[in-house]
Amino acid sequence: MADQTETEIMLGVIDALYNGWTLCDDDDTEKYMVLVDENRAIKEDIKPLKSLIRKMEQSNLISTNDAYEEREYMDIFGELKPVPFVYMYEVTRKGSTFYRDNKV
């Protein structure tokens, strides 16, 4: 994960989406999203900045129909914990082309 270029991270996100991972925003205070699988295991080798995911969306490399909503919190034994957002992103045609053209 250290010293990855923005393009390498974007390619890693697209590759992960192709392989069944999804993006999760655990907390508003975090700068990063995490990639998780269906068992909620975290992909440790890539942790994209939220701003990079937004940039990928705005560049039409990935898309989602999930709406951004206000964060909800759960009371767990008297402590408020944020409810994670899980976004079901898909790779667009432009994202597929970007992946093909840049993958080493």
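Is Phe77 buried or exposed at its place in the chain? The legends below take up this question and then visit other parts of this predicted model.

**View 1. Phe77 sits in a loop between two strands.** The strands on either side of this loop are β4 (73-76) and β5 (79-82). Phe77 counts as exposed, because its relative accessibility is 85% and the cut-off for that class is over 50%. The backbone is worth a look too: Phe77 is not a glycine, yet its phi is positive, near 55°. Most residues other than glycine have a negative phi.

**View 2. Asn60 is another non-glycine residue with a positive phi.** Here phi is about 65°. You will find Asn60 in the loop that runs between α2 and β3 (62-63). With a relative accessibility of 40%, Asn60 counts as partly exposed.

**View 3. Glu38 belongs to the loop between β2 (34-36) and α2 (50-58).** Glu38 is exposed, and its relative accessible area is 69%. Look across to Gly20 as well: 18 residues separate Glu38 and Gly20 along the chain, and their C-alpha atoms are 8.1 Å apart.

**View 4. The largest nonpolar core has 21 residues.** The members that touch the most other members are Val13, Leu23, Ile53, Met56, Ile62 and Tyr89. Two or more residues each come from α1 (6-18), α2, β6 (85-87) and α3 (93-102). The largest share belongs to α1, which supplies seven residues.

**View 5. A closer visit to Met56 shows its contacts with residues elsewhere in the sequence.** Leaving aside residues up to four places away in sequence, Met56 touches Met10, Val13, Ile14, Leu61 and Ile62. Val13 and Ile62 also appear, with Met56, among the core residues that touch the most other members.

**View 6. Stepping back, the protein chain holds three helices and seven strands.** Their order along the sequence is α-β-β-α-β-β-β-β-β-α. The radius of gyration is 14 Å, close to the 13 Å that the globule rule gives for 104 residues, so the chain is as compact as a globular protein of that length. Along the principal axes, the C-alpha atoms fill a box of roughly 50 × 30 × 25 Å. Buried residues make up 33% of the 104. Of the contacts between residues at least 6 apart in sequence, 55% join residues at least 24 apart.

**View 7. The surface of the protein chain exposes about 7000 Å².** Carbon and sulfur atoms supply 48% of this area. The chain has 13 positive and 22 negative charges, and the mean positions of the two groups are 6 Å apart.

Note on methods: Residues are numbered from 1 along each chain as its sequence is written. This is a predicted model: local features need pLDDT of at least 70, side-chain atom pairs count only at pLDDT 80 or more; totals for chains, interfaces and linings use all residues. Side-chain values use heavy atoms; hydrogens and water are left out. Helices (H or I, at least four residues) and strands (E, at least two) are DSSP runs, numbered from the N terminus. The radius of gyration is taken over C-alpha atoms; the globule rule is 2.2 Å times the number of residues to the power 0.38. Buried means under 20% relative accessible area, exposed over 50%, partly exposed in between (1.4 Å probe, protein chains only). Contact means heavy atoms within 4.5 Å. Accessible areas come from the Shrake-Rupley method with a 1.4 Å probe; for residues, only the protein chains shown count as cover. Lys and Arg count as positive and Asp and Glu as negative; His and the chain ends are not counted. The place of a charge is taken as NZ of Lys, CZ of Arg, CG of Asp or CD of Glu. A nonpolar core is a set of buried Ala, Val, Leu, Ile, Met, Phe, Trp, Tyr and Cys residues joined through side-chain atoms within 4.5 Å.
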